[in-house]
Amino acid sequence: MPKSRPVAEAGLCFPEPGRAPGCAALTRELGGEPAGTAARMTSWLLIEQPGAWGPDALEDVLAEALPAGRLEAAREAGLRPLLIRKPGRHARVPGAPRAVYLASGWPGHRWLERLDINDLGELARVDFEAVAAGRRGHGEPVSFPLFLVCTHGSKDMCCAVFGRPLVAGLAQNHPGLVWEVSHVGGDRWAGNLLTVPDGFLHGSLAVTEAELVAKEALSGNVRLEHLRGRTSAESPWAQFAEIEIRGRTGLRGIDAVLASEEEADGDVRRVLVTAGPRRYEVVVRRTPATAAGHSRCSARVVLAGFEAESVRELVSVTHV
C-alpha cells in the first residue's frame, strides 16, 4: 500500500498542530493495509432516501417501511440493507418516487434488479428471504454495476470528507451508475467504494484510484490495489487469501479466484482457494497490532492485519 498521499489528493485538511487527525487520515499515515477488512454482504436491499442522513437514518427508514422483525431472517442470511441517494444536492421531495435496488452477490449467481416505489410501505411485498437466497424476479433486471460511495458523515466525518470527492469524480464519468451510500463499515478505510452486485469493497481510495476501480469493474474485472475483500467470502481470512492468490497469479476476473474451504486454529486458518484450473492452500495468520495512534473521530486506531504464512499449490492426482 502506498504511503500517505498529499493533502490535496486525499481531500482532507489535516488539523492544526495539537489536534488529532481523522481516523482515515491516520490510517493512511500509519500505512494501514485494507486486505481482509470487508464487512460480509451476500445480497443487498438499496433504498433511495434523499435528504440528510442522521446516524440512525437506515434503521429509521426500515422502521417506517417494514414491520418489526421483517428483515431479521434475511439479514442473518447475508442481506445488507443500505440507503442510497443521488450525488449532489440532497433535497427531499415529499411523495416523489424513489428507486429500490435488490441484488445478489453470490459467485456465479450475481444479479441486480430495480423497483420504483411511491411509498416505503410497498417494500413489505418483497420476498427478502428469496433475495438473500439468490433468487431473482423482484423487479426490472439491470445489466450494469452500481458504484456506491460511503458519504455517511454523521456516522464518521471521514466518510464524508473522503467520500464526497470520490462520488463527485465518479459521477462525472459514469452518470446513473454512481450513488452515495450509507455506512458500509470501516470508517478508517474511507473513501470506501462498494461495487454491486460484484460484491467487492475497496478502501482508502483517492479520486483517480476510484476511477481505476470502476474501469476494471465495467470490464468484468477486479482491481487488486486497495481491495478490502469480496463481501460474500466466508471470513476475513478467506478475503485475504483470495487477494494473496490474485496477487500471485495475476487473475482479475470477478469469479476467477474463490476461497472454498477453511480450517481454523485460533488466529491461523488454512484456506483452500481455486484460481482458474489450479487450487492452492493458503495458511493465513492474523497479525498483532503493528501501529496505533489517536484520531479525533474514532479515538484510538489500532492497526492489525493478516499475512500469508505459506502458499502451496495442490497437485491433482488423476486415477486411471
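# Rings, charges and sulfurs: how do we know?

Guide: Welcome! In this predicted model, arginine 269 lies over the face of tryptophan 237, at 3.8 Å from the ring centre.

Visitor: What makes a charge count as sitting over a ring?

Guide: The CZ atom of an Arg has to be within 6 Å of the ring centre, and within 35 degrees of the ring normal. Arginine 85 is listed too: its charged end sits over the ring of tryptophan 53, 3.8 Å from the centre.

Visitor: How many aromatic pairs are there?

Guide: The count comes to three aromatic pairs. One of them joins tryptophan 237 and phenylalanine 306, with 5.5 Å from centre to centre and 70 degrees between the planes.

Visitor: Why is the pair of tryptophan 237 and phenylalanine 306 called edge-to-face?

Guide: Ring centres must lie within 6.5 Å to pair, and planes over 60 degrees apart count as edge-to-face. With 5.5 Å and 70 degrees, tryptophan 237 and phenylalanine 306 meet both conditions, so the name fits.

Visitor: What makes this pair a tie between parts apart in sequence?

Guide: Tryptophan 237 belongs to helix H8 (residues 236–249) and phenylalanine 306 to strand S14 (residues 300–314), so the pair ties together parts 69 residues apart in sequence. Both tryptophan 237 and phenylalanine 306 are buried.

Visitor: Why is the pair of phenylalanine 240 and phenylalanine 306 called tilted?

Guide: The centres of these two rings are 5.9 Å apart and the planes stand at 40 degrees. Stacked needs under 30 degrees and edge-to-face needs over 60, so 40 degrees makes the pair tilted. Phenylalanine 240, in helix H8, is 66 residues from phenylalanine 306 in strand S14. Ring pairs link Trp237, Phe240 and Phe306 into a cluster.

Visitor: How do you know whether glutamate 180 is buried or exposed?

Guide: Buried means under 20% relative accessible area. Glutamate 180 has 3%, so this residue of strand S7 (residues 178–181) is buried.

Visitor: What makes the meeting of glutamate 180 and threonine 151 a polar contact?

Guide: The side chains of glutamate 180 and threonine 151 come to 2.7 Å, and the cut-off for such a contact is 3.5 Å.

Visitor: How many disulfides does a search of the whole structure find?

Guide: The search finds zero. Cysteine 150 has its nearest cysteine sulfur, that of cysteine 159, 3.8 Å away.

Visitor: Why is there no bond between cysteine 159 and cysteine 150?

Guide: A disulfide needs sulfur atoms within 2.5 Å. The sulfurs of cysteine 159 and cysteine 150 are 3.8 Å apart, so they are too far for a bond. Cysteine 150 is buried at 3%, and cysteine 159 is buried at 1%.

Methods: Residues are numbered from 1 along each chain as its sequence is written. This is a predicted model: local features need pLDDT of at least 70, side-chain atom pairs count only at pLDDT 80 or more; totals for chains, interfaces and linings use all residues. Side-chain values use heavy atoms; hydrogens and water are left out. Rings of Phe, Tyr and Trp (its six-membered ring) pair if their centres lie within 6.5 Å; planes under 30 degrees apart count as stacked, over 60 as edge-to-face and the rest as tilted. Helices (H or I, at least four residues) and strands (E, at least two) are DSSP runs, numbered from the N terminus. Buried means under 20% relative accessible area, exposed over 50%, partly exposed in between (1.4 Å probe, protein chains only). A polar contact is a pair of N or O atoms within 3.5 Å; within protein, one must be able to donate a hydrogen and the other to accept it, and residues adjacent in sequence count only if both atoms are side-chain atoms.
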